[in-house]
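Here is a short tour of how aromatic rings, nonpolar cores and a helix pair fit together. Have a look at the model first, and then we can walk through the details.

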Amino acid sequence: MTSPTHQMRIKSLMNAIKLKSFLFDGFLAGWTALFALGVLVFWLSGSPQKPIRAATRLWVRGILFGLKHIVGLDYAEKGRDLIPDEPCLIVCNHQSTWETLAALVLFPDVAIVAKHELLRIPIIGWYLRKSPMIIIDRESGSKALKAMLKQSHEAIASGRSVLVFPQGTRMDESEPIAFKRGVELLYSKLGAPVLPVLVNSGKFWGPSGSSKRGGTITVSYLAPIPPGLSAELFVRKAEAQMEAERSILP
């Protein structure tokens, strides 16, 4: 049975987490609003992709700054030297909003396979569309797969890596790594090396996104998987590598 003092400490800690999360959300809203002017400037300039991607990375850097100095949430990288020199397919587990944002800084000029719903976000939806990211509408079935393949080929050909969250949606940190269908098709058709990446962001910023707490998120880059394997073997190998890393991350 917990003592009243212990209960008070827990309540105080939870209130502090809620307050910091609230302050960060206010900072995020204000920081994002500053980029509204950029929409007009870039639109009048013909929507140049590279400057738009640079502006989007600046937006993310501001968010990471706010997380670090308001919430106390930072990140550390492990195995960054394993990132291939050439454009690759990046597969990353998905536990929170954090990795969707941080990927734009961790992998400059990356093309992220993202849900169509992201385009509805005020201001930033425009930046994502014009970067451009690989936006898919899951409801369109095979049409979405074809669009994803076409845009991924274009990204690789232009020297950009492609990042996909193979679990399809944000998962609880305790959930095992299991790829949804479609990732093996990207692997087979792109003919590019695959970089598995594992994060433990769910320990600090869960799937709901409402509460964020201090700490250090680990971003772990794993040994690249070469092209040319069978689709089934690729999926098994990637899942096994990521699951093994998940078991040892703090």
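A residue counts as buried when its relative accessible area is under 20%, and as exposed when that value is over 50%. By that cut-off, F42 and Y127 are both buried. Please keep in mind that this is a predicted model.

**Aromatic pairs**

The structure contains 11 aromatic pairs. Two of them are set out below.

| Pair | Centre to centre | Angle between planes | Geometry |
|---|---|---|---|
| F42 and Y127 | 6.2 Å | 90° | edge-to-face |
| F107 and Y221 | 5.9 Å | 90° | edge-to-face |

What does the pair of F42 and Y127 tie together? F42 belongs to helix 2 (residues 36-44) and Y127 to helix 5 (residues 124-130), so their pairing links parts that are 85 residues apart in sequence.

The pair of F107 and Y221 can be read in a similar way. F107 sits in the loop between helix 4 (97-106) and strand 3 (111-115), while Y221 is in strand 7 (residues 215-221), so this pair ties together parts that are 114 residues apart in sequence. Both F107 and Y221 are buried.

F42 and Y127 also belong to one aromatic cluster, together with F24, F27, W31, F35, W126 and W205.

**Nonpolar cores**

Which residues touch the most other members of the largest nonpolar core? They are L67, W98 and F107, in a core of 44 residues. Among the elements that give two or more residues to this core are helix 1 (4-33), helix 3 (49-71), strand 2 (89-92) and strand 6 (194-199). Helix 3 is the top contributor, with eight residues.

Leaving aside residues up to four places away in sequence, L67 touches F24, G72, L73, W98, W205 and K212. Of these, F24 and W205 are also in the aromatic cluster. A second core, separate from the largest one, has 29 residues, including A111, V183, A192 and A238.

**Helix 3 against helix 4**

Two packed helices are described by the angle and the distance between their axes. For helix 3 and helix 4, the axes come within 8 Å and cross at roughly 125°. These two helices are therefore oblique to each other, and helix 3 passes helix 4 in a left-handed crossing.

Which residues meet here? Helix 3 brings T56, R57, W59, V60, R61, I63, L64 and L67, and these meet W98, L101, A102, L104 and V105 of helix 4. L67 and W98 thus appear in this contact as well as among the residues that touch the most other members of the largest core.

Note on methods:
Residues numbered from 1 in each chain as written. Predicted model: local features only at pLDDT ≥ 70, side-chain atom pairs only at ≥ 80, totals over all residues. Heavy atoms only, no water. Phe/Tyr/Trp six-rings, centres within 6.5 Å; stacked < 30°, edge-to-face > 60°. Helix = DSSP H or I, 4+ residues; strand = E, 2+ residues; numbered from the N terminus. Buried < 20%, exposed > 50% of the residue type's maximum accessible area, 1.4 Å probe, protein only. Core = buried A, V, L, I, M, F, W, Y, C linked by side-chain atoms within 4.5 Å. Contact = heavy atoms within 4.5 Å. Axes fitted to C-alpha atoms, helices over the stretch in contact; angles between N-to-C directions. Parallel < 35°, antiparallel > 145°, perpendicular 65-115°, else oblique. Left-handed = near helix turned anticlockwise from the far one by under 90°.
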